[in-house]
Amino acid sequence: MSPSVSEVQTPKVYAAAEAIERVKAQLSTNSSSQEGLNGVHSRDHHTPAYLPHFDSSEKFPPTELFEFSDPGLRANPAKPNLLTENTTLKHISPYLGTEVRGVQISQLSKEGLDELALFVAERKVVIFRDQDFKDLGPERQIELARHFGPIQRHPTSGNVKGFPEFHVVYRDPEYDYFKEYITNDRSNYTSWHSDVAYEKQPPGTTFFFILDQPDVGGDTLFASQVEAYNRLSDEFKKLLEGLNVVHSAVEQAEGSRKRGGPVRREPIETEHPIVRVHPVTGEKALYVNAVFGRRVSGFKKEESDALLGFLYDHIAKGADFQIRATYEPGTVVVWDNRLTVHSATPDFKAEFRRHAVRLTPQAEVPIPATFT
């Protein structure tokens with residue numbers, strides 16, 4: 001019997017951890033320099049406390065099911081605490097995406113946070129500008145995110161030392177984590193996914209705030225899984241009814257282990273419905289993605305590959321229900337992982353730094369949809 005992932009001995013030195021230690025040392029050495037790290041170009045003030053932290057000895061227990069009630073169910077549909085006379089909205093697409101100014105997430109009451117959950121469910125992706133969120137400190141940031149559900153602790157990614165609730169996204173000339181996942185044998189780097197879809201209770205309302213951003217590039221692509229579902233024929237929707245997809249964490253864990261990185265929790269595989277229903281809006285959405293999706297339960301391989309291949313292609317080609325979220329200092333993007341897929345856009349030059357942090361509250365066990 002082969003050993004479990006947690007029992008396998010990993011190398012003592014993880015290349016990514018070594019690179020981050022060099023970054024920290026250089027930041028300390030160059031702390032008085034306006035140029036920062038090795039001449040790296042940066043638009044925002046660097047935040048070393050949020051550099052990715054890797055500890056291969058860090059372990060988490062298996063996730064357990066919990067009761068969940070979406071805060072959007074409590075919200076006043078008029079959203080008087082969120083959308084005030086000082087709020088300006090700019091819709092990016094009819095199907096998803098709204099840019100918001102004149103609202104400080106950190107100052108919202110509980111009622112305002114409930115309304116935020118509803119608004120994000122309705123608009124799928126909301127881009128908040130001019131936020132003080134990044135300056136609140138990790139305790140307050142976590143407190144705000146926990147309003148939307150227990151925060152998922154990622155089993156393999158870099159987190160913040162002492163705060164495993166954070167998923168850190170970081171790239172600079174010394175450290176390019178993206179190369180660990182995307183190799184040069186691909187013609188493009190687009191990789192549509194919904195975060196940690198293998199969890200028994202995958203994420204809902206998700207927070208992503210920028211700390212450092214290149215002047216051009218580094219955007220995030222989003223697609224509406226609701227509109228992707230709506231475009232299907234009635235007969236095809238009937239075909240999807242009752243079907244489940246297996247979402248797997250195994251490859252992610254094995255990849256980290258092979259590189260000497262952390263595997264904080266035993267990887268799991270979970271079945272979720274191909275079409276799910278949002279508990280607040282009642283909208284139906286596809287819930288498939290090629291990053292974590294492996295097979296359609298009960299189908300033979302050729303059947304599963306054909307069905308999933310069509311759905312992945314349908315989503316990827318849906319430029320008319322996709323948007324590109326751009327960043328500037330003070331940007332916080334909030335999206336609903338139940339209703340969208342997204343992809344990083346690593347198109348900026350190596351001399352630029354990009355640093356962002358994600359807080360990922362978990363939601364309900366996916367509710368299967370029925371065709372009516």
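The following exercises, each with a worked solution, concern a predicted model of a protein.

**Exercise 1. Overall composition and confidence**

Determine how many helices and strands the protein has, what share of its residues is buried, and where pLDDT stays under 50.

Solution. Step one is the secondary structure, which comes to seven helices and 17 strands. Step two is burial: of the 372 residues, 55% count as buried. Step three concerns contacts between residues at least 6 apart in sequence, of which 84% join residues at least 24 apart. Step four is confidence. The average pLDDT is 90, and 89% of the residues score at least 70. Over residues 32–45, however, pLDDT stays under 50. The model has 34 contacts beyond four places in sequence for this segment. Where pLDDT is low, the predicted coordinates should not be read in detail.

**Exercise 2. The buried side of helix 3**

Identify the buried residues of helix 3, explain why they lie on the same side, and name the elements they pack against.

Solution. Helix 3 spans residues 138–146, and its buried residues are Pro138, Gln141, Ile142, Leu144 and Ala145. These residues cover an arc of only 160° around the axis, which puts them on the same side of helix 3. The general background is that an α-helix has 3.6 residues a turn, so residues three or four places apart point the same way. As to partners, the buried residues of helix 3 pack against helix 2 (110–123) and against three strands, namely strand 4 (166–172), strand 6 (205–212) and strand 16 (354–359).

**Exercise 3. Two strand residues and their distant partners**

For isoleucine 210 in strand 6 and arginine 171 in strand 4, establish whether each is buried or exposed and which residues each contacts.

Solution. Isoleucine 210 has a relative accessible area of 2%; the cut-off for burial is under 20%, so isoleucine 210 is buried. Beyond its neighbours within four places in sequence, isoleucine 210 is in contact with Lys134, Tyr327, Glu328, Gly330, Thr331, His355 and Ala356. One of these partners, glutamate 328, is 118 residues away in sequence, yet the C-alpha to C-alpha distance to isoleucine 210 is 7.7 Å.

Arginine 171 also counts as buried, at 14% relative accessibility. With residues up to four places away set aside, arginine 171 touches Asp176, Pro346, Phe348, Phe352, Arg353 and Arg354. Between arginine 171 and glutamate 351 the separation is 180 residues in sequence and 9.7 Å in space, C-alpha to C-alpha.

**Exercise 4. Positive phi outside glycine**

Locate lysine 124 and valine 196, and state the phi value and burial of each.

Solution. Lysine 124 is in the loop between helix 2 and strand 3 (125–128). Its phi is positive, about 75°, although lysine 124 is not a glycine. Lysine 124 is buried, with a relative accessible area of 3%.

Valine 196 lies in the loop between strand 5 (175–176) and strand 6. Phi of valine 196 is likewise positive, near 35°. The relative accessible area of valine 196 is 2%, and the residue is buried.

**Exercise 5. The second largest cavity**

State how many cavities of 30 Å³ or more there are, and describe the volume and lining of the second largest cavity.

Solution. The count comes to four cavities of 30 Å³ or more. The second largest cavity has a volume of about 70 Å³. Its lining consists of Pro155, Thr156, Tyr198, Glu199, Ala249, Gln252, Ala253, Arg265, Glu266, Pro267 and Ile268. Sorted by type, the lining residues of the second largest cavity divide into six nonpolar, two polar and three charged.

Definitions and conventions. Residues are numbered from 1 along each chain as its sequence is written. This is a predicted model: local features need pLDDT of at least 70, side-chain atom pairs count only at pLDDT 80 or more; totals for chains, interfaces and linings use all residues. Side-chain values use heavy atoms; hydrogens and water are left out. Buried means under 20% relative accessible area, exposed over 50%, partly exposed in between (1.4 Å probe, protein chains only). Helices (H or I, at least four residues) and strands (E, at least two) are DSSP runs, numbered from the N terminus. The arc is that of the directions from the helix axis to the C-beta atoms. Contact means heavy atoms within 4.5 Å. On a 1 Å grid over the protein atoms alone, a cavity is a set of points where a 1.4 Å probe fits but cannot get out, and a pocket is an open set with protein on both sides within 12 Å along at least five of seven lines; lining residues have an atom within 4 Å of a point. Grid points are joined across faces, edges and corners, and a volume is the space filled by probe spheres set on the points. Ala, Val, Leu, Ile, Met, Phe, Trp, Tyr, Cys and Pro count as nonpolar, Asp, Glu, Lys and Arg as charged, and the others, Gly among them, as polar. pLDDT is the predictor's confidence in each residue, from 0 to 100.
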